[in-house]
Amino acid sequence: MRMRSWAAVAALVGALVAGGPQPASAAGTDSCARPARAEVFREGGVPVLDWRENLEFDGRGTLWVSHSGKGRVEGYGPDGRLRASLPVVGPGALRRGSDGMMYVNYGVHPLAWDGGILRFDPTAAQPRPQKVVGGLHGINGLAIDGEGNFYLSRELATGILKVRPDGSRDDDWTRRAGVFGTNGLEIVGDQLYASVLADATSRVVRIPLAAPERHTVVARLSDGLLHTRLLDDLTAFHDGSLVVASFRYGRLVEVDPATGRSCTLVDGLHMPTSVRVPRGFGGADPRRELFVSEASGRIMKITVG
């Protein structure tokens, strides 16, 4: 969920004003069978002003976090200490490419004169961002397939943008991926999963990479506008389930993509914006742990089971 966008403003209003318990009939309100424990990995600051938007692991011992409130990307070690920082205007989603480089969306707010994707080497002593593609507006989430194609969500537009490795746009693919208001993106095999922010029923959708026009609804996580979850980022867990951040209710919702069944994995978070599985991060266990960024500025560690 991009900071300072109209969608983010609406989300913030929903979180602070209209939040609260959902009715028992709402999807995913039952607690998951396996317990989960949340603890603070990194303290935050002033809520919203210290907004941390997204996070990703480079597989080499560093957790990279986009700090929207301060216009930078930060790298943290397993001990929680800051290792690196690089300036990025309006940083958004972060993803590791199959080439080992880190990619981050920039210009993720409505006043930015330019938006696109930057690349940096996480192994460099002083990482320096380089532009991959520019001229993209209204972007938010990011996913990268094994061939290096980029997929970018748009909260206030129809169609997920597809950008080829050379920076050219695949407009035909984008047109066929005709889902409005997407936010988080995650590729699992040959399928792209997306959370839909601009939707009263809080949909999670599945989009075949080879046939995006055949997109289908995996789950609807709320029963109408009054209880919309304002879905943010999502990730695939080790057992094949999806874990989706609910910005409005401060929850992580686990979804079975095969059946659409859902349950609340974690409650009581402070406006969660992204969730990722740790990879190559000290002793963090990808089978049992998740890391979450929040608009409060905190970074949380979730231990499952």
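The largest pocket here has a volume of about 450 Å³, a handy place to start a tour of this predicted model. Around that pocket sits a protein chain of 305 residues, 60% of which count as buried. Two helices and 23 strands make up the secondary structure of the chain. Below you will find the pocket, the overall fold, the disulfide and one loop residue in turn.

**The largest pocket**

- The lining of the largest pocket consists of 20 residues, and those lying nearest the centre are Glu 56, Arg 96, Glu 186, Ile 187 and Arg 276.
- Five strands each give two or more residues to this lining: E2 (52–57), E6 (94–96), E10 (139–144), E13 (182–188) and E17 (231–236).
- Strand E13 gives the most, with three residues.
- By character, the lining of the largest pocket splits into eight nonpolar, seven charged and five polar residues.

**The chain as a whole**

- The protein chain exposes about 12,100 Å², and carbon and sulfur atoms supply 52% of that area.
- If you look at contacts between residues at least 6 apart in sequence, 49% of them join residues at least 24 apart.

**The disulfide**

- How many disulfides does the model hold? The count comes to one.
- Cys 32 and Cys 263 form this link, with their sulfur atoms 2.0 Å apart.
- The pair ties together distant parts of the chain, 231 residues apart: Cys 32 is in the loop between helix H1 (6–16) and strand E1 (36–42), while Cys 263 belongs to strand E20 (residues 262–266).
- The link of Cys 32 and Cys 263 is right-handed, with 95° about the S-S bond.
- Are the two cysteines buried or exposed? Cys 32 has a relative accessible area of 10% and Cys 263 one of 17%; buried means under 20%, so Cys 32 is buried and Cys 263 is buried as well.

**Gly 44, a loop residue**

- You can find Gly 44 in the loop between E1 and E2.
- Gly 44 is partly exposed, because its relative accessible area is 34%, and partly exposed covers the range between the 20% and 50% cut-offs.
- Leaving aside residues up to four places away in sequence, Gly 44 touches Asp 50, Arg 52, Ser 296, Gly 297 and Arg 298.
- The C-alpha atoms of Gly 44 and Met 300 are separated by 9.8 Å, although these residues are 256 residues apart along the chain.

Notes:
Residues are numbered from 1 along each chain as its sequence is written. This is a predicted model: local features need pLDDT of at least 70, side-chain atom pairs count only at pLDDT 80 or more; totals for chains, interfaces and linings use all residues. Side-chain values use heavy atoms; hydrogens and water are left out. Helices (H or I, at least four residues) and strands (E, at least two) are DSSP runs, numbered from the N terminus. Buried means under 20% relative accessible area, exposed over 50%, partly exposed in between (1.4 Å probe, protein chains only). Contact means heavy atoms within 4.5 Å. Accessible areas come from the Shrake-Rupley method with a 1.4 Å probe; for residues, only the protein chains shown count as cover. A disulfide is a pair of cysteine sulfur atoms within 2.5 Å. On a 1 Å grid over the protein atoms alone, a cavity is a set of points where a 1.4 Å probe fits but cannot get out, and a pocket is an open set with protein on both sides within 12 Å along at least five of seven lines; lining residues have an atom within 4 Å of a point. Grid points are joined across faces, edges and corners, and a volume is the space filled by probe spheres set on the points. Ala, Val, Leu, Ile, Met, Phe, Trp, Tyr, Cys and Pro count as nonpolar, Asp, Glu, Lys and Arg as charged, and the others, Gly among them, as polar.
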